[in-house]
Amino acid sequence: MVRFGEDLTARGKLLASRSLRPDKYGVRIHQRGTRLTLLDGPFPESKEMVGGFFLIDCADREEAIAIAGQFLAARFATVEVRECAPCYVG
């Protein structure tokens, strides 16, 4: 994964990357009215884990898919490709 990130950096594609701690270290926050509720992990209803991310600069969706297909983790896990968008886009 480190080499993959280094390659993306050398190609001028990598904007950011981070590993994420397991959900047992996370907290989910819900606000209903004025009441704030916190739920500490791990989250039993979680079926999948997000282990980290690579934020890359691509010309289009096809380029993003091609790059994601080169990621070693695609051989043993699911790699998801998503586009950044303003928070008000559904």
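## Exercises on cysteines, strands and a cis peptide

The structure, a predicted model, holds zero disulfides.

**Exercise 1.** Determine why Cys 58 and Cys 84 are not joined in a disulfide.

*Solution.* Begin with Cys 58, which takes part in no disulfide and whose nearest cysteine sulfur, that of Cys 84, is 10 Å away. Next, recall the cut-off, by which the two sulfur atoms of a disulfide must lie within 2.5 Å. Seen from the other side, the closest cysteine sulfur to that of Cys 84 is the one in Cys 58, and because the 10 Å between them is too far for a bond, the pair stays unjoined. Finally, consider the surroundings of each residue: Cys 58 is partly exposed, its relative accessible area being 22%, whereas Cys 84 counts as exposed at 59% relative accessibility.

**Exercise 2.** Describe how strand E1 is covered and how E1 pairs with strand E4.

*Solution.* Take the covering of E1 to start with: this strand spans residues 14-19, and the count of buried residues among its six residues is zero, so that E1 is hardly covered. Then turn to the pairing, in which E1 and E4, the latter made up of residues 52-56, run in the antiparallel sense over five bridges. As a particular case, Ser 17 has Phe 54 in E4 as its bridge partner.

**Exercise 3.** Locate the cis peptide bond that involves Pro 42, and state its omega.

*Solution.* The bond in question joins Gly 41 and Pro 42, with omega at about 5°. To place this bond in the fold, note that Pro 42 belongs to the loop between strand E3, residues 35-40, and E4.

Definitions and conventions. Residues are numbered from 1 along each chain as its sequence is written. This is a predicted model: local features need pLDDT of at least 70, side-chain atom pairs count only at pLDDT 80 or more; totals for chains, interfaces and linings use all residues. Side-chain values use heavy atoms; hydrogens and water are left out. Buried means under 20% relative accessible area, exposed over 50%, partly exposed in between (1.4 Å probe, protein chains only). Helices (H or I, at least four residues) and strands (E, at least two) are DSSP runs, numbered from the N terminus. Two strands pair if DSSP finds at least two bridges between them.
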